[in-house]
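Colleague: I'd like to learn how to read a structural model, one feature after another. Could you walk me through this one?

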Amino acid sequence: MRAEIITVRHVRVDLAGHRVLDDVALSARPGQIIAITGENGAGKSTLLRCLAGLQTPTGGEIDVLHGPPADAAAFWRDVAFVADEPAWYPGLGVREHLDMVLSVHQGGRMSAEAALSAVDLAGRDERHPLTLSTGQRQRLSLAMALIRPSRVLLLDEPERGLDAAFRPRLAALLRDYAGEGGAVVMATHSLDLAEACGAVHLALEPAS
Ligand SMILES: Nc1ncnc2c1ncn2[C@@H]1O[C@H](COP(=O)(O)OP(=O)(O)OP(=O)(O)O)[C@@H](O)[C@H]1O
């Protein structure tokens with residue numbers, strides 16, 4: 001069995017004087033998909049931000065790829081994160097956003113054409129992202145994360161805005177990613193998506 005590339009031990013986070021996470025543990029090996037579930041405010045996004053090095057825990061330990069996560073170039077070379085909608089570049093179309101990711105990250109997992117087709121945006125490749133629907137923009141955000149090489153994929157509610165028909169396709173894309181040896185950690189309200197991915201569940205309870 002492959003060694004863990006994400007480990008979270010006894011993690012505690014206090015924000016504005018309130019305990020948001022308390023004694024949280026999580027681990028992931030290459031090839032695993034972890035689904036963090038729990039009610040609104042349970043701390044799912046906070047935990048993902050901790051894994052991404054964007055939030056420092058008040059206590060406990062986090063290792064991602066054999067070290068504490070750090071919001072630094074070397075870390076982001078191996079880690080892809082899809083959370084809130086990204087800033088779209090003025091004047092660049094859908095296809096050009098994918099080309100830009102491929103030009104920065106050498107050795108893409110798929111071509112821009114394959115990514116456009118995977119997320120059903122092939123006919124909209126010249127449009128500016130802001131002229132797409134919410135769900136189409138979410139598909140593009142996912143494609144921009146999936147097209148580049150990475151070892152860890154962090155997703156905050158990847159199902160946001162997606163229609164029911166696309167969710168099984170997203171599950172298949174995530175299974176493919178994990179099948180290549182990546183680890184996925186996603187916060188989700190979609191038990192269907194988690195199940196379709198064969199994800200291991202981590203159910204968070206509100207800490208206070
Ligand atoms: N910057 C902040 N300052 C103070 N409290 C915060 C901050 N960010 C989040 N919180 C609080 O932390 C708790 C957890 O928030 P978080 O966004 O992690 O929950 P979540 O499980 O992702 O919720 P949802 O399902 O609604 O996305 C909430 O009670 C929220 O109000």
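Colleague: Let me start with a single residue: is Glu-157 buried or exposed?

Modeller: Happy to help, and please keep in mind that this is a predicted model. To judge burial, we count the other C-beta atoms within 10 Å of a residue's own, and 20 or more make it buried. Glu-157 has 20 other C-beta atoms within 10 Å, so Glu-157 is buried. You will find Glu-157 in the loop between β6 (152-156) and α6 (166-179).

Colleague: What is there to say about the phi angle of Glu-157?

Modeller: Glu-157 is not a glycine, yet its phi is positive, at about 50°. Asp-120 is another residue to look at here: its phi is positive too, about 60°, although Asp-120 is not a glycine. Asp-120 lies in the loop between α4 (112-118) and α5. With 15 C-beta neighbours inside 10 Å, Asp-120 counts as partly exposed.

Colleague: Now for helices. How do I describe two that pack together?

Modeller: Two packed helices are described by the angle between their axes and the distance between the axes. Take helix α3 (residues 94-104) and helix α5 (residues 134-146): they pack at an angle of about 20°, and their axes are 9 Å apart. Since angles under 35 degrees count as roughly parallel, α3 is roughly parallel to α5. The crossing of α3 past α5 is right-handed.

Colleague: Which residues of α3 and α5 meet?

Modeller: From α3 come Val-94, His-97, Leu-98 and Val-101, and they meet Leu-140, Ala-143 and Met-144 of α5. Sorted by character, the residues of this contact are 6 nonpolar, 1 polar and no charged.

Colleague: Let's turn to the ligand. Which residues are around the ligand?

Modeller: The residues around the ligand include Leu-15, Ala-16 and Val-20, then Gly-38, also Asn-40, Gly-41, Ala-42, Gly-43, Lys-44, Ser-45 and Thr-46, and finally Ala-187. By character, this shell holds 5 nonpolar, 6 polar and 1 charged.

Colleague: Which helix gives the most to that shell?

Modeller: That is helix α1 (residues 44-51), which contributes 3 residues.

Colleague: And what does Ala-203 touch, leaving out residues up to four places away in sequence?

Modeller: Ala-203 touches Thr-37 and Gly-38, and Gly-38 is one of the residues around the ligand. Ala-203 itself sits in strand β8 (residues 200-203). Ala-203 has 10 other C-beta atoms within 10 Å and is therefore exposed. Its C-alpha atom is 9.9 Å from that of Ala-187, 16 residues apart along the chain.

Colleague: Where is Gly-198, and how many other C-beta atoms does it have within 10 Å?

Modeller: Gly-198 is in the loop between α7 (191-197) and β8. There are 13 other C-beta atoms within 10 Å of Gly-198, so it is partly exposed. Leaving aside neighbours within four places in sequence, Gly-198 is in contact with Ile-33 and Arg-175. It also helps to set sequence beside space: Gly-198 and Gln-32 are 166 residues apart along the chain, while their C-alpha atoms are separated by 8.7 Å.

Colleague: How far apart in space are Asp-176 and Thr-56?

Modeller: Asp-176 and Thr-56 are 31 Å apart, C-alpha to C-alpha, with their places 120 residues apart in sequence. Asp-176 lies in helix α6, and with 14 C-beta neighbours inside 10 Å it counts as partly exposed.

Notes. Residues numbered from 1 in each chain as written. Predicted model: local features only at pLDDT ≥ 70, side-chain atom pairs only at ≥ 80, totals over all residues. Near = placed C-beta within 6 Å. Helix = DSSP H or I, 4+ residues; strand = E, 2+ residues; numbered from the N terminus. Nonpolar A, V, L, I, M, F, W, Y, C, P; charged D, E, K, R; others polar. Buried ≥ 20, exposed ≤ 12 C-beta atoms within 10 Å, placed from the backbone. Contact = placed C-beta atoms within 7 Å. Axes fitted to C-alpha atoms, helices over the stretch in contact; angles between N-to-C directions. Parallel < 35°, antiparallel > 145°, perpendicular 65-115°, else oblique. Left-handed = near helix turned anticlockwise from the far one by under 90°.
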